[in-house]
Every structure is written in structure tokens, then in C-alpha cells.
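Hi everyone, thanks for making time this morning. I'd like to walk you through one protein, so let's put it up on the screen.

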Amino acid sequence: MKPLADTLFTEQEVNAQIGAALCLAAAIDSASDPDPVRLGQTLLPRLEKLVKCNAFKAKSAGVVVIGSVIGAGGLSRTTVSSGGLKGLVECLLSFLVSEDWAARKAAAEFHGAAVNLHFRSVQRFGEKP
């Protein structure tokens, strides 16, 4: 996955950014044993910084990678307690008002999945939402 991540973080051409992001997301999704701690502590902060950058044009594909990292368990208690989740949610909320339709759609899908994940975890522990 490292070559894909390196390409994603260094490539300047939008189509190459999209391709690298979608390939990286697919690699994370299909990995038999992804390292959630490394994904969350190393990749997630870099992805958040990348999608905030004006030079990065493939914002919707970047959000797809963020969703894959979180789906692989990359959002740990450490990430949440250090304020990582707040910055990530604020970043993705800003995409909901973006002029880029694909970025708005990806952010909306992310927020919908996050709400579903929250309700499933709450139900699993028998708490009321």
C-alpha cells in the first residue's frame, strides 16, 4: 500500500490523484489483515491534511480513502481522544457546502455511514442512542 499512498501524496495531476486514491481505498478494503493502528495514526492525519489542501483536487476520492481507513478500524480511541475525530468531522462538514458535487456526495455518504456505525456500536453495548 505504501507505493499507492506515496503516489497519492505526491502526484499533482488530478486523474492520477483519483486513480491512486481509489486504488488505495480498494487495497485497504481488500486487505486480509490491515494494520488499523498504523492506518489510523499514520495515514488518517495525512489524509485529513491532504484533503484540506487546495492543491489536492480529488477531494471526493480522498474522502473514499478516509472511509476505507475508518472501515478497517483506523479510528481508535487514541485518535478520538487526541481530537482527531473532531478535526476530521469538521473537515468533512466543510465539504457538504463545496461546489464540487462529488465531494459533497462523498462527505454525505461518510456522515451517513458514521451515524450507522455509531448506532450499531451503541446497540451492541446495549446503550440508548
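Let's begin with a contact that is easy to pick out: the charged end of Arg 46 sits over the ring of Phe 9, at 3.9 Å from the ring's centre. Please keep in mind that this is a predicted model. As for rings meeting rings, a search of the whole structure turns up zero aromatic pairs.

Now the overall layout. The protein has seven helices and zero strands, so if you read along the sequence you get α-α-α-α-α-α-α. Of its 129 residues, 33% are buried.

On to charges. How many salt bridges does a search of the whole structure find? There are two. One joins Lys 2 to Asp 6, with the closest N and O atoms 3.4 Å apart. Both residues belong to helix α1, which covers residues 2-10, and they are four residues apart, about one turn of the helix. Lys 2 is exposed, because its relative accessibility is 55%, while Asp 6 is partly exposed at 31%.

The other salt bridge is between the side chains of Glu 48 and Lys 52, at 3.0 Å from N to O. These two are in helix α3, residues 36-52, and because they are four residues apart there, about one helical turn separates them. Is Glu 48 buried or exposed? It is buried, with a relative accessibility of 14%, whereas Lys 52 is partly exposed at 47%.

Next, the cysteines. Cys 23 is partly exposed, with a relative accessible area of 42%, and Cys 53 is partly exposed too, at 35% relative accessibility. For anyone who wants the reminder, a disulfide is a covalent bond between the sulfur atoms of two cysteines. In this model the count is zero disulfides.

Let's turn to helix α2, which spans residues 14-30 and contains Leu 22. Leu 22 is partly exposed, at 43% relative accessible area. Together with Ile 18 and Val 64, Leu 22 makes a nonpolar surface patch of about 220 Å².

Helix α2 also holds Ser 30. Ser 30 counts as exposed because its relative accessibility is 57%. Here is a pair to look up on your own screens: Ser 30 and Ser 68 are 38 residues apart in sequence, and their C-alpha atoms are 9.8 Å apart in space.

That's my tour, and I'm happy to rotate the view for anyone who wants another look.

Methods: Residues numbered from 1 in each chain as written. Predicted model: local features only at pLDDT ≥ 70, side-chain atom pairs only at ≥ 80, totals over all residues. Heavy atoms only, no water. Patch = residues over 30% accessible without salt bridge, like charges linked within 9 Å, V, L, I, M, F, W, Y side chains within 5 Å. Areas by Shrake-Rupley, 256 points an atom, 1.4 Å probe, with all protein chains shown as cover. Salt bridge = Lys/Arg side-chain N within 4 Å of Asp/Glu carboxyl O. Buried < 20%, exposed > 50% of the residue type's maximum accessible area, 1.4 Å probe, protein only. Phe/Tyr/Trp six-rings, centres within 6.5 Å; stacked < 30°, edge-to-face > 60°. Lys NZ or Arg CZ within 6 Å of the ring centre and 35° of its normal. Disulfide = S-S within 2.5 Å.
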